[in-house]
Amino acid sequence: MQQSPCSAAPLSPAAFEAWNDCREAVLRHLDGLRGIDTHSHHLADAQFAGVNLKFLYDHSYCDWMDHYPADDRDVAEFLRRNCCNSYFYWLQTAVERLYGLPVTAETLPKLNAAIADAYRDGAHHLRILEENCRYDRVLLDNYAHPGRVDSVGSRFVPVLRCNMFAVCNCASRRDHNGNNPSMFLPDVYARDFEGYLEAVKAHVLQYRILKFAIAYDEGNRIDNFDKARAAAAYGQERPSPEAYHNFYSYMVYYICRLAGENGMVVQFHTGLGRMEDASPLCLRPLIEALPQLRFDLFHGGYPWMDDLLGLLHNYANVYADLCWLPLISTSAAKRFLREALEVGGASRLLWGCDTWTSEESYGATLAFRRVASETLAQMHVEGYLSREEACDIAGRIWRGNAVALFGLEA
């Protein structure tokens with residue numbers, strides 16, 4: 001008896017063969033499709049200078065867990081103590097596949113030399129996205145310059161990060177990325193509140209995809225849809241907490257309403273971050289108020305995955321995006337995908353890398369491929385899906401659903 005990685009129950013030899021056959025079929029099917037990466041923070045071309053192993057770890061989620069040591073003599077211990085972490089596993093796997101060397105303290109000089117040699121070609125990071133990740137389009141959230149693409153890569157689609165419009169009720173306030181609307185809309189605060197709304201409207205309607213990462217600012221609890229209450233805090237250096245929340249909440253609603261009226265999609269960070277009012281469930285009043293707007297909710301809501309699954313079940317305008325989740329916890333991503341398919345179906349699930357470098361993005365694709373292929377193979381063995389249905393679902397998540405949702409060319 002053998003055991004599939006998705007199940008605690010042992011499989012008979014015949015069942016394991018069927019599981020493995022379906023898993024490999026799904027992977028082959030994905031090999032034949034160029035993916036749509038729904039969420040990326042890919043660095044600007046100019047930032048890929050002096051790249052070595054330390055650079056890749058410093059510009060990855062690994063740095064959130066543990067800092068790459070300044071002294072190369074400490075690298076072995078750094079790798080040892082983080083060997084079970086998903087971020088480390090997938091970055092290491094990607095680097096080893098790309099550069100043909102194991103990530104160890106002993107190979108560090110050769111590995112750094114191989115990375116440096118590859119980056120002598122300024123297009124190396126873009127070639128990884130095209131040839132290894134096999135992306136067709138990459139939706140780019142540039143939080144240093146919202147809505148701008150700082151790369152010659154033709155695969156990038158700009159996404160406008162809208163935090164600053166909700167966070168900054170006056171010229172002196174900044175969102176968590178250090179942005180203020182006056183940096184992009186000169187003299188915007190010289191206008192009254194009605195003028196501010198019109199300026200924001202004109203700016204956001206230049207884009208087709210919007211993004212809020214307000215879970216890192218004041219949270220996802222959006223409950224004021226009244227313009228008069230919002231106006232009380234506009235232009236005020238020290239508004240009351242209640243007045244400020246009313247401004248913040250209304251501006252999220254206002255931008256989302258504009259998006260819904262104009263057939264746009266709004267992406268929301270949910271889950272990890274500030275960890276206060278970050279659950280997807282905090283967005284329920286907004287989702288109910290704007291049934292015409294399609295909400296692309298990120299990260300499986302981790303660690304509040306059940307909250308997002310509940311929204312996916314109850315609201316047809318909610319899409320569940322697995323971006324980042326396979327890197328956070330590969331096993332959690334398998335659980336989320338299985339339950340999302342059971343409660344929401346296959347047409348409202350998406351995936352994105354949510355990374356800064358091409359190496360980590362490649363690791364994210366490898367993580368997604370494992371999650372999708374093994375989860376769908378398990379459902380096949382249990383009789384849920386035919387092999388053909390498993391392949392079709394994997395392709396929808398990797399590409400088809402995003403093409404339909406964002407209006408991208410097929």
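This report describes the sheet, several helices and a few individual residues of a predicted model.

## The sheet

The model contains an open sheet of 8 strands, in the order E3-E4-E5-E6-E7-E8-E9-E10, and the pairing is parallel. Its edge strands are E3, covering residues 35-40, and E10, covering residues 349-350. Each of these two pairs on one side only.

## From E3 to E5

Starting from the edge strand E3, the neighbour is E4, and the two pair in the parallel sense over 4 bridges. One point of pairing is Asp37, whose bridge partner in E4 is Val138. Val138 also has a bridge partner in E5, namely Phe156. Val138 can therefore serve as a reference point when tracing E3, E4 and E5 across the sheet.

Strand E4 spans residues 135-141 and is joined to strand E5, residues 156-161, by 4 bridges, with the two strands running parallel. Another of the pairings here links Asp141 to Val159 in E5. How many residues of E4 are buried? The count is 7 of the 7, so E4 is largely enclosed by the rest of the structure.

Before E4 comes a loop that starts from helix H7 (124-132), and Arg134 lies in this loop. Arg134 is not a glycine, yet its phi is positive, about 60 degrees. With a relative accessible area of 28%, Arg134 is partly exposed, because that class lies between the limits of 20% for buried and 50% for exposed.

## From E6 to E8

Strands E6 and E7 pair in the parallel sense over 4 bridges. Ile209 has Val265 as its bridge partner in E7. On the other pairing of E7, strand E8 (residues 294-297) is also parallel, again with 4 bridges. There, Gln267 has Asp296 as its bridge partner in E8.

In a regular strand the side chains alternate between the two faces of the sheet. In E7 both faces are covered. Val265 and Gln267 are buried on one side, while Val266 and Phe268 are buried on the other.

Two helices can be placed relative to these strands. Helix H11, residues 241-261, lies across E6 (209-212) and E7 (265-268), and it runs at about 160 degrees to E6. Helix H12, residues 284-289, forms a right-handed β-α-β unit together with E7 and E8.

## The loop after E8

The loop between E8 and helix H13 (305-314) contains Pro303. A cis peptide bond joins Tyr302 to Pro303, with omega about 10 degrees.

His299 lies in this loop between E8 and H13 as well. Its phi is positive, about 65 degrees, although His299 is not a glycine. Is His299 buried or exposed? At 1% relative accessibility, His299 counts as buried, because the cut-off for that class is under 20%.

## Helices H15 and H17

Helix H15 has 15 residues, 330-344. At 1.5 Å a residue it should span 21 Å, and its end C-alpha atoms are 20 Å apart, which agrees. Buried residues in H15 include Thr330, Ala333, Phe336, Leu337, Ala340, Leu341 and Gly344. An α-helix has 3.6 residues a turn, so residues three or four places apart point the same way. Also buried in H15 are Ala332, Lys334 and Arg338. Just after the helix, Gly345 takes a positive phi of about 90 degrees.

Helix H17 has 20 residues, 387-406. The expected span at 1.5 Å a residue is 28 Å, and the end C-alpha atoms are 28 Å apart, which agrees. H17 also has a kink of about 60 degrees, centred on Arg396. After H17 comes Gly407, with a positive phi near 70 degrees.

## Leu43

Leu43 is found in the loop between E3 and helix H2 (53-58). Its relative accessibility is 8%, so Leu43 counts as buried.

Which residues does Leu43 touch, not counting residues up to four places away in sequence? They are Phe48, Phe55, His59, Trp356 and Thr357. Leu43 is also 99 residues from Asn142 in sequence, and the two are 8.3 Å apart in space, C-alpha to C-alpha.

Methods:
Residues numbered from 1 in each chain as written. Predicted model: local features only at pLDDT ≥ 70, side-chain atom pairs only at ≥ 80, totals over all residues. Heavy atoms only, no water. Contact = heavy atoms within 4.5 Å. Axes fitted to C-alpha atoms, helices over the stretch in contact; angles between N-to-C directions. Buried < 20%, exposed > 50% of the residue type's maximum accessible area, 1.4 Å probe, protein only. Right-handed = clockwise from strand over helix to strand, strands pointing away. Expected span 1.5 Å × (residues − 1). Bend = angle between axes of the 7 residues up to and from the residue.
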